[in-house]
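Work through these exercises with the model open beside you. Try each task before reading its solution.

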Amino acid sequence: MSFTHPPVEYREWHTVPGDVREGIREIWTYRELLYQLTMRDIRLRYKQAIMGFGWALFMPVLVVLAGLIVRGIIAQASGQPLVGAGLAGVAVKAVAWAFFVGAVGFANTSLIGNASLVSKVFFPREVLPLAAVLAQGFDTLIGAVALLLVLPLLGVGVGWGLLWIVPLAGLLLVLTVALGLLLACGNLFFRDVKYIVQVLLTFGIFFTPVVFDAAMAGSRYAPVLMLNPLAPVLEGLRLAVVQGHNLLQPLHVAEGTRLVEIWSPWYLVWSGAVGAFGLVLSLTLFRRLQTLFAEWV
């Protein structure tokens, strides 16, 4: 595939919508390069790896084990049994969380890790963090298939709620790509960004309903917890896949003598709005700062 293109420093700046359209157009034009970079990342990840595809299950399994400990302690304290549905909910959210953490981590360093390409060859730089995200998606696909085989053993049957996996996965992808692009750009100019990201990803599980459910935070703090754009995606997956709930309908649970809303369709609207805004922002920054990438890499 040819990489010839007018030098990037002489290209015309656009309005924000123009930047986004131009960025998407170039990514589509260089889709073959995106595919090749994604396959390269997948091959490098599994090259000489003893566990092979087992690495795709490693992170979700760790999260599930952590969730089992947390749920076990909560069940012991409350005097209620630990049911399979609770563990199934953690497993579903663990796969999505593992994708987000892995994709953001690899995308964050994608420009620095490909310094020779960034400084010598023209192509839309967005394909580097995008390739990192798609490579992580390959791992997630393996984990998702394994999870679908395990869920019946935890008492989760096949229902219409499974159809929600597609839009929720798309929303998760948008949020991940938006953050990955933004952090990749930031890490190029400020190298300590990668260390901050490592810390935030490590402790982010305590601020995101992965090993616990948002409803466990109570009526006061659950809505605050759902302000995390990832929270509606994870809780939506649990409610749709495990409980078969229609996410277009609110959901209430009894708390004492009153009913408390633990799910609202507006949560998805909020998450989608953040994802769309983040994607536009990150693509615009890439378009307007990529003339400096070769100097700073």
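**Exercise 1. Helix 8 against helix 11**

Task: Find how the axes of helix 8 and helix 11 are placed, and say which residues make the contact.

Solution:
- Start with the axes. In this predicted model, helix 8 (residues 165-189) and helix 11 (residues 230-242) have axes that come within 10 Å and cross at roughly 165 degrees.
- Turn the angle into a direction. Angles over 145 degrees count as roughly antiparallel, so helix 8 is roughly antiparallel to helix 11.
- Add the hand. The crossing of helix 8 and helix 11 is left-handed.
- List the contact. Helix 8 brings Ile165, Leu168, Leu171, Leu172 and Leu175, and helix 11 brings Leu230, Val233, Gly236, Leu237 and Val241.
- Sort by class. The contact of helix 8 with helix 11 has 9 nonpolar residues, 1 polar and no charged.

**Exercise 2. Helix 4 against helix 8**

Task: Decide whether helix 4 and helix 8 are roughly parallel or roughly antiparallel, then describe their contact.

Solution:
- Read the geometry. Helix 4 and helix 8 pack at an angle of about 25 degrees, and their axes are 8 Å apart.
- Apply the cut-off. Angles under 35 degrees count as roughly parallel. Helix 4 and helix 8 are therefore roughly parallel to each other.
- Give the hand. Helix 4 passes helix 8 in a right-handed crossing.
- Name the helix 4 side. Ala96, Phe99, Phe100, Ala103, Val104, Ala107 and Asn108 take part.
- Name the helix 8 side. Leu172, Leu173, Thr176, Leu179, Gly180, Leu183, Ala184 and Asn187 take part.
- Sort by class. The contact of helix 4 with helix 8 divides into 11 nonpolar, 4 polar and no charged residues.

**Exercise 3. Asn108 in its surroundings**

Task: Work out where Asn108 sits, whether Asn108 is buried or exposed, and which residues it is in contact with.

Solution:
- Locate it. Asn108 is in helix 4 (residues 84-108).
- Check the surface. Buried means under 20% relative accessible area. Asn108 has 3%, so Asn108 is buried.
- Look across the chain. Asn108 and Leu181 are 73 residues apart in sequence, yet their C-alpha atoms are 7.5 Å apart in space.
- Find the contacts. Leaving aside neighbours within four places in sequence, Asn108 is in contact with Leu183, Ala184, Asn187, Val193, Lys194 and Val197.

**Exercise 4. Helix 12**

Task: Compare the span of helix 12 with the expected one, list its buried residues, and see how helix 12 meets helix 8.

Solution:
- Take the span. Helix 12 (residues 265-289) has 25 residues and reaches 36 Å from its first C-alpha to its last. That is close to the 36 Å expected at 1.5 Å a residue.
- List the buried residues. They are Tyr267, Leu268, Ser271, Gly275, Gly278, Ser282, Leu283, Thr284, Phe286 and Arg287.
- Bring in helix 8. The axes of helix 8 and helix 12 come within 8 Å and cross at roughly 35 degrees.
- Give the hand. Helix 8 passes helix 12 in a left-handed crossing.
- Sort by class. The contact of helix 8 with helix 12 has 19 nonpolar, 5 polar and no charged residues.

**Exercise 5. From Gly72 to Leu87 and on**

Task: Place Gly72 and Leu87, then trace what Leu87 is in contact with.

Solution:
- Begin with Gly72. Gly72 lies in helix 3 (residues 55-78). At 29% relative accessibility, Gly72 counts as partly exposed.
- Step to Leu87. Gly72 and Leu87 are 15 residues apart along the chain, with C-alpha atoms separated by 9.8 Å.
- Describe Leu87. Leu87 is found in helix 4. Leu87 is partly exposed, at 22% relative accessible area.
- Reach further. Leu151 is 64 residues from Leu87 along the chain, and their C-alpha atoms are separated by 9.6 Å.
- Find the contacts. Beyond neighbours within four places in sequence, Leu87 is in contact with Val64, Leu68 and Leu154.

**Exercise 6. The whole protein**

Task: How many helices and strands are there, and what share of the residues is buried?

Solution:
- Count the elements. The protein comes to 13 helices and 2 strands.
- Take the buried share. Buried residues make up 45% of the 297 residues.
- Consider contacts with a separation of 6 or more. Residues 24 or more positions apart account for 78% of these.

Conventions:
Residues are numbered from 1 along each chain as its sequence is written. This is a predicted model: local features need pLDDT of at least 70, side-chain atom pairs count only at pLDDT 80 or more; totals for chains, interfaces and linings use all residues. Side-chain values use heavy atoms; hydrogens and water are left out. Axes are lines fitted to C-alpha atoms, for helices over the stretch in contact, and angles run from 0 to 180 degrees between N-to-C directions. Helices (H or I, at least four residues) and strands (E, at least two) are DSSP runs, numbered from the N terminus. Angles under 35 degrees count as roughly parallel, over 145 as roughly antiparallel, 65 to 115 as roughly perpendicular and the rest as oblique. A crossing is left-handed if the near helix is turned anticlockwise from the far one by less than a right angle, and right-handed if clockwise. Contact means heavy atoms within 4.5 Å. Ala, Val, Leu, Ile, Met, Phe, Trp, Tyr, Cys and Pro count as nonpolar, Asp, Glu, Lys and Arg as charged, and the others, Gly among them, as polar. The expected span of a helix is 1.5 Å times one less than its number of residues. Buried means under 20% relative accessible area, exposed over 50%, partly exposed in between (1.4 Å probe, protein chains only).
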